[in-house]
Structures are given as C-alpha cells and as structure tokens.
Amino acid sequence: METKPRLIIAPGKEKALQRRHPWVFSGAMRRIVGNPQDGDLVDIVDSRGQWLATGHFQADESIICKVLSFDTQQVDEAFFRHLFESAVGYRKRLGFSFSLMPLEPLTPLMPLTNTFRLVHAEGDGLPGLVADWYNGVVVLQAHSAGMHRLFPLFVDILRDLLGESLVAVFDKSSATLPKPKKSDNPAAQDTADRFIFQTKPIADDWEVCESGNRLLINFYEGQKTGFFIDQRENRALVQSLAAGHRVLNCFGYTGGFSLAALRGGAEYVETVDISRKAVELCNRNVALNFGPDAPHRGVAADVLDYLANPDRNAGSFDFIILDPPAFAKNHRSLQQGLRGYRAINQRAMEALPDGGLLMTFSCSQAVSVDDFRTMVFTAAANAKRQVRVVRTLPHAADHPVSIYHPEGEYLKGLLLEVRR
C-alpha cells in the first residue's frame, strides 16, 4: 500500500475523531509528515502514531481535513463506488425514481417529483460533495479540492449505476471550492460551471417536476445546484395549508413556495426577491403551471424594505414565508446574521393579522437550533405578539444527517401562529 502523508494530532485532540466526527480542525494538528497538496489523501494518526482515519487534505483551511473513512486506509474506486451505490439505494427506498421523464405536459401516469438530492456530503459518507438529480441531469458540487479532482471517476460510477437515465452531469463548483493560490497550476484550477458529460444537448431552462408543479431550472445561473431541493417537504406543507390564504413568499427565488401555495388553493400569492432574474423565472414558472391569469405577482425588492413600507400593503397577507439566504456565513458573522433574521421576523409578525401564519427559516450552519429559537423569541417579544409553535421544519429526508456530524442539520425552520 502506498504510504500517504500523515497528519499527527496533538495529544488530547483525538477525542472528536474517536467519536467519528468527520472534520479535523487546524488547531487540533500537531504537525504534518510529508508534503500533501490541497486535495491529497492523508492518514490521520494520534501522537503515538496510532491510525485514526483517512481523509482529504485541505491546505490553508480551518477544517484542514475532511474524513472519508474511520475503518480502512484503502480509499479507492471500490470505496467510492460502494458509497454511491448506498446513496442511490437510499433514495430508491425513499420512493424516488431515476427514470427519465419526457419533457412534455404532465399526465397522471408521470411521476409527481423527479428532482431530489442524490448525495448529501457527510450524511452519505462523502464530505465535501453534493449531488442533485434533476430529471436525468446530475449536478455535482464540490466543497473540497479532493472531491473535485474525483469528478471523472464519479461520472463513470454514475453512468454505470444509472445507465441511460443519466443524460448529463453538470459541474457547479466554481463558487464552492476554496480559492486557488496564485502559485497553483492554472490547468488544475479550471472551475468554470460546465457540463462534463452529455448524451444530448441540454436546454438552458431544464424542466423538472416537484409535487406536481413544473419548474424551469437554469444550471448556470441558479443558486446552489439550481434549486432549493431541501425545502420540498416544507413546500408540500404549504400546499396543504394554503387554501383560502393570501400568501406572501419572501426571498421567493424562482417561486417554489409560491407554486405550492397556488397548487393548494391560495386566494392570492406575492413573491418578493431582490433578484429580477429570479422573479422573472418565478413568473414563468407560475404561468407554466397556472396560466397567465394566475392570482400571483412577482416583486423585485429588498424584503426588509418591502415589509417596512406601508405602501407595499404587506399587512394584507395572512400567511408569510421567510426563507432568506444564509445571513451568518460563519461564526464570525453570527451576531450580525442573527440581527438580520430578527429584523425580518419582527417585521413579518407585526404585519400579520390575528391568527396569521409565519413559516420562517435559517439555512446558516453557524446558527444553532437554540440560536434560531432565541432569535424568534426576541422577534416575537419586540413585536409584542403572542406566538406559538405549530411545527418544527427540518430539511427533506433525502438530506440525511450523520449522527456523528450534527452540523449537517443546517436548515432550521418553524411554522408559527401569530396572535395580536
């Protein structure tokens, strides 16, 4: 077996690894033996030389290594193939289908949902990798150089596992990979978002279906991998509750929650997002599903300004959805992020009528469940409203969380009833 570089952990710092936590922070490292480059496989050993794990080295990062295995030093093609087989099998057991759906108007025989998460990083034993299925197109997104270097292997594995159902693989890693150093080889730093496998040309707007709603996905310009798949089950909840409500969908992006509300019989829906392109695509999605005369309006505006402006008539809505971007990207920005979350939640609570519903989220990994609940409590107190929790709202089941990696539970949400 080829000898790999080694990370030697400082005495007493090995306990997290012994509990199978898949991250090694730079502060836990005593020294490095060898000269690993960003993305190389390394063995992690304790101060006595006892092997603990094998993972991908991340140069100049606070998380200096993401662990791939606590059980074997042999991390090879067979190792990754087994993990992909497990990920595919898990989604099939959840009831998802990898069959390719024709891009034609829906019929009752077609699947209601053909977009879902295929690989959820640590939750599937593949830290640093996200893969999403969009009706025959797999979008790969690497959050580490080690995973990005393996994309050719992953394409081969996906082709073997999915056969003719796989029509393309898109690499959407340009915004998620660590910034390259100027001294790095430029040829190794080609991170432009692009198709790395195709069996046929892919339209700029690729059509998928979620819970009976048709959606247009732009792989080049879309956020995350193209859509916020993690909210599927929460959108289904909105669909079940929306009948007769006037719904305000804030940070609405391309309209996932808006489509769910309209499908559920909402009286009127308004989608607010700061991105004009997102609002335009939202309007196209609404028209695709409900025609040009649907009771919906898209508004390109800053959400806080919208909620604070009485001319916007935010108070005419009795169901508000707040699904903002990650205000706290890391722990250094946590307090500032919490202030932002508190401000929008307070404004929404003040705008709602007696008995109104508020569905509110944070997707910031740095915001804990306790931080989120404390923020909501403070917003309610500042708004002088009686608020009760109807339901807690996690991300969907195709986003599994390793019991050893609680940080994977990044999406926090609450459905609230607000009373005056």
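A residue is called buried when its relative accessible area is under 20%. By that cut-off, 54% of the 420 residues of the protein chain are buried in this predicted model. The secondary structure consists of 10 helices and 20 strands. The radius of gyration is 23 Å, close to the 22 Å given by the globule rule for 420 residues, so the chain is as compact as a globular protein of that length.

**Overall dimensions and contacts**

- Along the principal axes, the C-alpha atoms of the protein chain fill a box of roughly 65 × 50 × 40 Å.
- The chain exposes about 18,900 Å², and carbon and sulfur atoms supply 49% of that area.
- Of the contacts between residues at least 6 apart in sequence, 66% join residues at least 24 apart.

**Nonpolar cores**

- In soluble globular proteins, nonpolar side chains tend to be buried together.
- The largest nonpolar core in this model has 41 residues.
- The residues with the most contacts inside this core are Y134, V137, I202, W206, F219, V238 and M359.
- Helix α6 (residues 256–263) supplies the largest share of this core, with five residues.
- A second, separate core of 34 residues includes Y268, V303, Y306 and F317.
- With its neighbours within four places in sequence left aside, M359 is in contact with residues from several stretches of the sequence, among them N234, L237 and V238, then F257, then F319, I320, I321 and L322, and further along L393, L414 and L415.

**Cysteines**

- The number of disulfides is zero, where a disulfide requires two cysteine sulfur atoms within 2.5 Å.
- C209 is in no disulfide, and the nearest cysteine sulfur, that of C282, is 16 Å away.
- C209 is buried, at 0% relative accessibility.
- For C363, the closest cysteine sulfur belongs to C250 and lies 15 Å away, which is too far for a bond.
- C363 is partly exposed, with a relative accessible area of 23%.

**Salt bridges**

- The model has 21 salt bridges.
- R91 pairs with D124 in a salt bridge whose closest N and O atoms are 2.8 Å apart.
- R91 lies in helix α2 (residues 77–93), while D124 is in the loop between β7 (115–120) and β8 (129–134), so this pair ties together parts that are 33 residues apart in sequence.
- Both partners, R91 and D124, are buried.
- D171 forms a salt bridge with R194, with the closest N and O atoms 3.4 Å apart.
- This pair links strand β10 (residues 168–171), which holds D171, to strand β11 (residues 194–198), which holds R194; the two residues are 23 apart in sequence.
- D171 is buried, with a relative accessible area of 1%, whereas R194 is partly exposed at 28%.
- R419 and D354 form a salt bridge with a closest N to O distance of 3.0 Å.
- R419 is in strand β20 (residues 412–419) and D354 in the loop between α9 (334–351) and β18 (356–362), 65 residues apart.
- Both ends of this bridge count as partly exposed: R419 has 33% relative accessibility, and D354 has 43%.
- D354 and R419 also belong to a network of salt bridges that links them with R388 and E417.

Key
Residues are numbered from 1 along each chain as its sequence is written. This is a predicted model: local features need pLDDT of at least 70, side-chain atom pairs count only at pLDDT 80 or more; totals for chains, interfaces and linings use all residues. Side-chain values use heavy atoms; hydrogens and water are left out. A nonpolar core is a set of buried Ala, Val, Leu, Ile, Met, Phe, Trp, Tyr and Cys residues joined through side-chain atoms within 4.5 Å. Buried means under 20% relative accessible area, exposed over 50%, partly exposed in between (1.4 Å probe, protein chains only). Helices (H or I, at least four residues) and strands (E, at least two) are DSSP runs, numbered from the N terminus. Contact means heavy atoms within 4.5 Å. A salt bridge is a side-chain nitrogen of Lys or Arg within 4 Å of a carboxyl oxygen of Asp or Glu. The radius of gyration is taken over C-alpha atoms; the globule rule is 2.2 Å times the number of residues to the power 0.38. Accessible areas come from the Shrake-Rupley method with a 1.4 Å probe; for residues, only the protein chains shown count as cover.
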